[in-house]
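Please look at the sequence and the model below. Some questions about charged pairs, cores and strand pairing are then taken in turn.

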Amino acid sequence: MTQAIAALREHPALRELSSAGQALLSQQGVVRQFRIGQALCAASVIPSEILLLLSGQARVLIQDHNRTVTLEKIGPGDFIGFPAGGVAHETLNDGTEPLVCLVIGQRLAQDVVDYPRKGKRLYRNDGQRDMIDYKVIEK
């Protein structure tokens with residue numbers, strides 16, 4: 001977590017954060033690595049999360065009129081937040097190397113995550129993960 005703490009202290013958006021605030025973020029953050037082509041996150045119905053990219057490149061995708069479009073390309077030092085229940089989005093490692101980022105957010109036992117490009121919804125409950133096709137979900 002040393003790399004994550006250093007990244008938090010050096011990032012312009014977090015420089016003015018108190019030591020207690022930085023400690024809280026570093027306690028709730030997890031440094032994760034993502035393969036090329038792997039999705040980093042998708043639209044979550046329950047928790048919010050933020051990403052601080054430490055290395056690699058990613059593309060933030062959103063759904064616009066039933067088509068997937070690139071909202072932004074992000075790289076090392078970029079900081080991006082995703083509110084719970086926001087616009088359906090997906091962040092994808094589209095670089096040429098593994099992507100490493102600090103993921104900060106709630107780690108709830110239950111979560112619901114939408115993957116609109118795949119037409120699926122993930123239900124997570126205490127470690128159990130069930131991926132369901134949209135077409136079988138009653139609206």
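The questions and answers below deal with salt bridges, nonpolar cores and paired strands.

This is a predicted model, in which local features need pLDDT of at least 70, side-chain atom pairs count only at pLDDT 80 or more, and totals for chains, interfaces and linings use all residues. Residues are numbered from 1 along each chain as its sequence is written, and side-chain values use heavy atoms, with hydrogens and water left out.

Reader: How many salt bridges does a search of the whole structure find?
Author: A salt bridge here is a side-chain nitrogen of Lys or Arg within 4 Å of a carboxyl oxygen of Asp or Glu. With that criterion, the number found in the whole structure is three.

Reader: Which residue forms a salt bridge with K73?
Author: K73 lies in strand 5 (residues 67–74), and its partner sits in the loop between strand 7 and strand 8, 21 residues apart from it. Strands are DSSP runs of E with at least two residues, numbered from the N terminus. The closest N and O atoms are 3.0 Å apart, and the partner is D94.

Reader: What is the N to O distance in the salt bridge between D94 and R59?
Author: D94 is in the loop between strand 7 (89–92) and strand 8 (99–105), while R59 is in strand 4 (residues 58–64), so the pair links parts of the chain 35 residues apart. Their side chains meet at an N to O distance of 2.8 Å.

Reader: Are D94 and R59 buried, partly exposed or exposed?
Author: Buried means under 20% relative accessible area, exposed over 50%, and partly exposed in between (1.4 Å probe, protein chains only). D94 has a relative accessible area of 26%. R59 is at 26% relative accessibility. Because these values fall between the two limits, D94 and R59 both count as partly exposed.

Reader: Where in the chain are K120 and D133, and what is their N to O distance?
Author: K120 belongs to strand 10 (residues 120–125) and D133 to strand 11 (residues 128–133), 13 residues apart. K120 is partly exposed at 25%, and D133 is partly exposed at 28%. Their side chains form a salt bridge with an N to O distance of 2.5 Å.

Reader: Which residues are joined into one network by salt bridges that share partners?
Author: D94 meets R59 in one salt bridge and K73 in another. The network therefore consists of R59, K73 and D94.

Reader: Which strand gives the largest share of the largest nonpolar core?
Author: A nonpolar core is a set of buried Ala, Val, Leu, Ile, Met, Phe, Trp, Tyr and Cys residues joined through side-chain atoms within 4.5 Å. The largest one has 11 residues, including F34, I80, L99, C101 and V103. Two or more residues come from each of strand 3 (49–55), strand 4, strand 6 (79–82) and strand 8. The largest share, three residues, comes from strand 8.

Reader: Which residues does I80 touch, not counting residues up to four places away in sequence?
Author: Contact means heavy atoms within 4.5 Å. I80 is a member of the largest core, as are L51, V60 and I74. With sequence neighbours up to four places away left out, I80 touches E49, I50, L51, V60 and I74.

Reader: What is the bridge partner of R59 in strand 5?
Author: Two strands pair if DSSP finds at least two bridges between them. Strand 4 and strand 5 run antiparallel and are joined by seven bridges, and A58 stands opposite I74. In strand 5, the bridge partner of R59 is K73.

Technical notes
Helices (H or I, at least four residues) and strands (E, at least two) are DSSP runs, numbered from the N terminus.
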